Amino acid sequence: MTDLALEKTAAAAPHRASPALLGIGALLIVAYGVLPLVASEYLFDAILTPFLALALAGLGLNILTGYAGQVSLGSSAFMAVGAYAAYNLALRLPGVPFLVDILLAGLVAAAVGLLFGLPSLRLRGFYLAVSTLAAQFFVQWVFNKVGWFSNNSPSGIVTVPPLSVAGLPLDSSAGRYLFALGVVTAVTLAVWRLVESPTGRALVALRDHETAARVIGIPVLRVKLLAFAVSSFIIGVAGVLWAFAYLRTVEPAGFNLDRSFQILFIVIIGGLASLRGAFLGAALIVVFPLLLSRLGEALLGGLFDSGVLEMSQRIVLGLLIVTFLIAEPAGLAALLDRLWNRAWNWISGRFRRTG
Amino acid sequence: MTIHEVLLSLDGVEATYNHAIRALSGVSLTVRTKEIVALLGANGAGKTTALKALSGLLPAERGQIAAGSIVYDGEDVTRRSPAELVRAGLVQVLEGRHCFRSLTVEDNLIVGGQVRGLDRAALRSELERIYALFPRLRDRRRIPAGLTSGGEQQMTAIGRALMARPRLLVLDEPSMGLAPMVVEGIFAALKRLNREEGLSILVAEQNSTVALRHADRASVLETGRTVLDGSAADLRDRDDIKAFYLGFGVGSSTAAATTPTAA
């Protein structure tokens with residue numbers, strides 16, 4: 001995994017006229033200013049809001065797997081913890097503002113993440129991945145079996161109360177999208193600060209060489225647990241968005257191993273140890289099935305039913321992941337970097353010739 | 001030679017891995033302040049394990065110190081964590097120059113200074129100090145360490161350790177896999193630090209020629225045991241030293257019998 005990150009850094013090394021800031025500015029203007037005015041309900045509900053929730057989950061997993069190098073297959077369990085914690089907080093402590101609920105739900109997810117992160121102090125790589133599966137199965141099982149978490153609803157299905165923040169109802173498609181967008185923007189900013197900080201460098205040091213990190217005095221065990229806690233906090237908040245802004249009715253079965261893999265694929269396809277990667281990967285994962293079904297219908301008509309769709313989705317996604325791991329292990333983020341550099345060279349070359 | 005106080009002393013240290021595999025069975029050595037001590041021995045003699053033991057790295061590799069004492073700066077440090085030792089000024093550079101490959105050379109150095117919690121200005125001046133010592137690193141500072149040459153990676157690893165302002169720098173095989181010119185450069189830089197700043201250095205080496213040329217004193221390990229201890233000048237000319245590395249039949253008893261008493 002270190003090799004991937006290395007390639008990424010190498011690709012990003014030649015600094016161009018900071019297109020990053022311009023790009024982010026433009027994206028924020030579109031996301032906050034333009035989309036809420038022009039987008040349809042379908043675009044909000046089926047694409048933008050789930051995209052935001054999954055991107056946030058990817059961001060959280062990226063801290064753990066991309067930056068700190070600890071593999072986890074339990075992401076959707078932490079989403080479930082966040083979602084059910086927020087549901088219970090809203091249900092049992094109605095006086096508490098929803099923004100506080102989110103924070104507390106994130107903290108609950110962080111605590112659970114910390115607990116399941118303990119094996120990482122002893123296990124590495126493949127073995128650690130297997131032990132995080134325990135989180136996945138245990139959490140799903142608890143929410144199914146213990147009625148208290150779902151207010152005794154059969155098979156743990158809960159319907160969350162309509163979203164409103166500080167008395168402002170946000171229960172329209174656009175409102176839920178804007179709410180998710182606000183949360184994702186704030187968390188992304190915080191994560192960006194984190195990875196640029198000494199702690200962020202310590203995470204990378206831990207991933208690149210654990211013993212070397214230890215000899216220069218990095219408290220390796222503490223940093224590992226911190227990575228688990230922060231990552232689970234963010235994934236938990238993503239779970240809150242998933243439940244409150246996107247689906248509004250969730251069940252434990254929705255937070256299964258498939259979802260954990262989906263989040264892992266977002267990180268791998270998007271780019272390990274890259275903030276943009278989580279967003280690019282999530283965009284691909286959300287948009288790709290829709291494109292595939294449109295394409296299938298157009299080409300095959302009635303033959304392309306939902307069974308075929310699901311099957312072909314899995315096949316194409318699998319191929320994509322293999323392709324990425326071989327051809328561009330640093331993901332979409334590195335791919336875009338390279339394209340940008342090439343385009344920039346071409347443009348500046350033109351300029352020089354004409355000018 | 002002036003008499004210095006003892007900074008580090010290992011006395012009869014025995015160590016095992018997994019409570020079963022014996023790696024050290026009696027290592028004794030001392031490092032005094034402002035001294036360069038070479039730890040010599042063939043492959044598998046226990047140099048690396050001895051250094052890991054004194055840096056608190058054994059527990060992370062399921063190793064234990066079974067007997068003996070390790071005293072650094074007047075305190076027993078057998079159970080100290082590496083982070084505590086780094087803060088106390090004992091910093092090791094691992095065998096095989098392990099840099100953080102995806103961090104730039106400069107970020108590698110910065111991580112090394114992190115334990116001291118420096119502010120921006122202090123960090124800058126510490127970086128300048130390393131770049132003055134290894135000018136190559138200044139040119140390469142924006143490059144990911146994984147893409148630099150072996151020599152540059154070794155310099156980065158040493159620079160990273162120096163950022164923590166050690167009083168005792170411990171190096172494991174700094175010459176491994178490097179061209180003789182590069183090795184000379186690195187030893188010259190270390191010697192300069194030793195002379196100008198009084199840095200104490202303990203260096204494990206298979207390359208005894210280079211190590212003995214720069215060290216004040218040396219200890220020789222064989223099968224996990226200290227078998228020879230003396231001033232570098234004395235050891236330089238002795239044939240039985242060479243015999244140790246080549247593995248010809250100079251038994252440890254013969255060697256011990258001819259051991260000159262340590263300074």
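**Strands, core and contacts in a two-chain model**

Let me start with a detail of chain B, where strand β4, residues 63-72, is joined to β5(B) by two bridges, the two strands running antiparallel. At this pairing, B:Tyr72 has B:Glu75 as its bridge partner in β5(B). I should say at once that what we are looking at is a predicted model, and I will keep to what can be computed from it.

The pairing I just described belongs to an open sheet of four strands in chain B, whose order is β2-β1-β4-β5 and whose pairing is antiparallel. The edges of this sheet are held by β2, residues 21-32, and β5, residues 75-76, and because each of these has a single partner strand, one side of each is left without a neighbour in the sheet.

Staying with chain B, let me move on to the parallel strands. β6(B) is joined to strand β7, residues 168-172, by four bridges, and these two run parallel; one of the facing pairs sets B:Val91 opposite B:Leu169 in β7(B). On its other pairing, β7(B) meets strand β8, residues 200-205, again in the parallel sense and over five bridges, and here B:Leu171 stands opposite B:Val203 in β8(B).

Which residues of β6(B) are buried on one side, and which on the other? On one side they are B:Leu90 and B:Gln92, and on the other B:Val91 and B:Val93, so that both faces of the strand are covered. For β7(B), five of the five residues are buried, and the strand is therefore largely enclosed by the rest of the structure. Looking at the directions of its side chains, B:Leu168, B:Val170 and B:Asp172 point one way, while B:Leu169 and B:Leu171 point the other way, and Asp172 of chain B is buried along with the rest.

Now to the domains of chain B, where the assignment gives domain 1 as 1-89 + 167-263 and domain 2 as 98-165. Between them, nine residues of domain 1 are in contact with ten residues of domain 2. On the domain 1 side of that contact, α2 and α7, the latter spanning 180-197, each supply at least two residues, and the largest share, three residues, comes from α7(B). By class, this side of domain 1 has seven nonpolar residues, one polar and one charged.

As a contrast to the buried strands, consider B:Ala122, which is found in helix α4, residues 120-133, of chain B. Is B:Ala122 buried or exposed? With 12 C-beta neighbours inside 10 Å, B:Ala122 counts as exposed. From B:Ala122 to B:Ile186 there are 64 residues in sequence and 25 Å in space, taken C-alpha to C-alpha.

Let me turn to chain A, whose secondary structure comes to 14 helices and four strands. Its radius of gyration is 21 Å, close to the 20 Å that the globule rule gives for 355 residues, so chain A is as compact as a globular protein of that length. Along the principal axes, its C-alpha atoms fill a box of roughly 70 × 60 × 45 Å. Of the 355 residues in chain A, 43% are buried, and of its contacts with a separation of 6 or more, 77% are between residues 24 or more positions apart.

One helix of chain A that I would single out is α8, residues 198-208, in which eight of the eleven residues are buried, so that the helix is largely enclosed by the rest of the structure. Among these buried residues are A:Arg201, A:Arg207 and A:Asp208, together with nonpolar ones including A:Leu203 and A:Val204.

How many residues does the largest nonpolar core have? The answer is 175, and those with the most contacts inside this core are A:Ala53, A:Leu56 and A:Leu241. Its largest share, 18 residues, comes from helix α10, residues 220-247, of chain A. Domain 1 and domain 2 of chain B both give residues to this core as well, so it lies between them. To take one of the well-connected residues, A:Leu56 touches A:Val184, A:Val187, A:Ile234, A:Val237, A:Ala238 and A:Leu241, leaving aside residues up to four places away in sequence.

That leaves the contact between the two chains, in which 27 residues of chain B meet 19 residues of chain A. On the chain B side, at least two residues each come from α2 (82-87), β6 (90-93), α3 (105-113) and α6 (150-162). That side of chain B divides into 16 nonpolar, seven polar and four charged residues.

Notes
Residues are numbered from 1 along each chain as its sequence is written. Chains are lettered from A and ligands numbered from 1 in the order in which they are written. This is a predicted model: local features need pLDDT of at least 70, side-chain atom pairs count only at pLDDT 80 or more; totals for chains, interfaces and linings use all residues. The radius of gyration is taken over C-alpha atoms; the globule rule is 2.2 Å times the number of residues to the power 0.38. A residue is buried if 20 or more other C-beta atoms lie within 10 Å of its own, exposed if 12 or fewer, and partly exposed in between; C-beta atoms are placed from the backbone. Two residues are in contact if their C-beta atoms, placed from the backbone, lie within 7 Å. Two strands pair if DSSP finds at least two bridges between them. A nonpolar core is a set of buried Ala, Val, Leu, Ile, Met, Phe, Trp, Tyr and Cys residues joined through C-beta atoms within 7 Å. Domain bounds come from an automatic or database domain assignment.
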